[in-house]
Amino acid sequence: MEIWAKRFEIRGGILAHDTGYLRDAGPRNEVYAVQAEVLFPSPDFLSFAYDPRPRLGFNLAPDADGTSFVYAGLNWDVPVYGNWFVTAAVGGSINNADRLTEQDLLPGETRAKYRLLGCHALFHLALGVGYRISDDVSIQAYGDHISNANLCDNNEGLDQWGGRLGYGF
C-alpha cells in the first residue's frame with residue numbers, strides 16, 4: 001500500500017472546460033473551469049480494492065455558458081516509476097445545467113451552443129499522470145468526463161483537461 005493512501009490531500013487547478021475530446025463532439029464553448037477537491041485517507045474496509053481514497057470536489061465554470069458541478073467518488077494513485085504516478089477516479093456528480101434535453105431549449109436556441117447532458121445526476125470519471133515534487137507536493141496533467149451512460153434522454157457528456165497541483169498532509 002502506498003503511504004499516500006493514508007493521507008489527506010487537497011488538489012486544485014485550471015481545466016479547459018467542455019472540450020468534447022472524448023465524445024468527438026467538439027467544444028460547445030471556449031471557457032475554463034476551476035477545480036478543487038479533497039482526498040481523504042483510505043478507510044481500512046477498502047483495502048481489498050487497493051486502498052482507494054474517498055474524494056469530494058467541485059468544478060466551477062464561471063462563464064455563463066459553462067456547466068459547474070460537484071462530485072464525489074473514489075480515487076486511486078498508482079506509482080509508476082520513481083516519483084511518477086497515474087491517478088484514476090470513479091464516482092458521481094450533480095451539475096447545474098439548465099438545458100438538459102432538446103425540450104429545454106428556448107425558441108431560437110440550437111444544440112450547437114449547449115451540451116445536452118440529459119439529467120443533473122451523472123457519472124464522473126477521471127484520469128491523470130502526476131509527479132511528486134516532494135513528500136507533500138505533486139503536479140498533474142489531468143482530465144475528467146461526466147455523462148449519464150445513456151440512462152437519460154440525451155448523453156452528450158462533458159470533458160475537461162488541464163493541470164493541477166496537490167498538497168498532502
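# Getting to know a predicted barrel

User: Which nonpolar patch do Ile14 and Val70 belong to, and how much accessible area does the patch have together?
Analyst: Ile14, Tyr32, Val34, Phe58, Leu60, Val70 and Ile94 make up a nonpolar patch on the surface. Patch residues have over 30% relative accessible area, no salt bridge, and nonpolar side chains joined within 5 Å. Using the Shrake-Rupley method with a 1.4 Å probe, their accessible area together is about 620 Å².

User: Which elements give two or more residues to that patch?
Analyst: This is a predicted model, where local features need pLDDT of at least 70, side-chain atom pairs need 80 or more, and totals for chains, interfaces and linings use all residues. Residues are numbered from 1 along each chain, and side-chain values use heavy atoms, without hydrogens or water. Strands are DSSP runs (E, at least two residues) numbered from the N terminus. The elements giving two or more residues are β2 (31–39) and β3 (53–60).

User: Is Val70 buried or partly exposed?
Analyst: Val70 is found in strand β4, residues 69–81. Buried means under 20% relative accessible area and exposed over 50%, with partly exposed in between. Val70 has a relative accessible area of 47%, so this residue is partly exposed.

User: What do the eight strands form, from β1 to β8?
Analyst: Follow the order β1-β2-β3-β4-β5-β6-β7-β8 and you will find antiparallel pairing, where a pair needs at least two DSSP bridges. For instance, β5 (residues 84–95) and β6 (residues 121–132) are antiparallel over 11 bridges, and Phe85 has Gly130 in β6 as its bridge partner. Together, the eight strands form a closed barrel.

User: How many residues of strand β7 are buried?
Analyst: Let's look at the surroundings of β7 (residues 137–147) first. A hairpin of four residues joins β6 to β7, and these two strands pair over 10 bridges, with Ala126 partnered by Asp144. On the other pairing, 10 bridges join β7 to β8 (residues 158–168), where Ile146 stands opposite Leu158. The strand β7 is mostly covered, and of its 11 residues the number buried is eight.

User: What kind of aromatic pair do Phe8 and Phe40 make?
Analyst: The structure holds five aromatic pairs, meaning ring centres within 6.5 Å, with planes under 30 degrees apart called stacked, over 60 edge-to-face and the rest tilted. For Phe8 and Phe40, the centres are 5.8 Å apart and the planes at 75°, so the pair is edge-to-face.

User: How far apart in sequence are the parts that this pair ties together?
Analyst: Phe8 and Phe40 share one aromatic cluster with Tyr167 and Phe169. Phe8 is in the segment before β1 and Phe40 in the loop between β2 and β3, so the parts tied together are separated by 32 residues.

User: Which residue in β8 forms a salt bridge with Glu37?
Analyst: A salt bridge is a Lys or Arg side-chain nitrogen within 4 Å of an Asp or Glu carboxyl oxygen, and there are 11 here. Glu37 is buried at 1% and meets Arg55, N to O, at 2.7 Å, while Arg55 is buried too, at 2%. Glu37 has another salt bridge, with closest N and O atoms 3.3 Å apart, reaching 127 residues along the chain from β2 to β8. That partner, buried at 4%, is Arg164.

User: Which residue is the salt-bridge partner of Asp136?
Analyst: Asp136 lies in the loop between β6 and β7, and its partner is 129 residues away in the segment before β1. The closest N and O atoms are 2.7 Å apart. Asp136 is partly exposed at 28%, whereas its partner, buried at 17%, is Arg7.

Conventions:
Patch = residues over 30% accessible without salt bridge, like charges linked within 9 Å, V, L, I, M, F, W, Y side chains within 5 Å. Buried < 20%, exposed > 50% of the residue type's maximum accessible area, 1.4 Å probe, protein only. Phe/Tyr/Trp six-rings, centres within 6.5 Å; stacked < 30°, edge-to-face > 60°.
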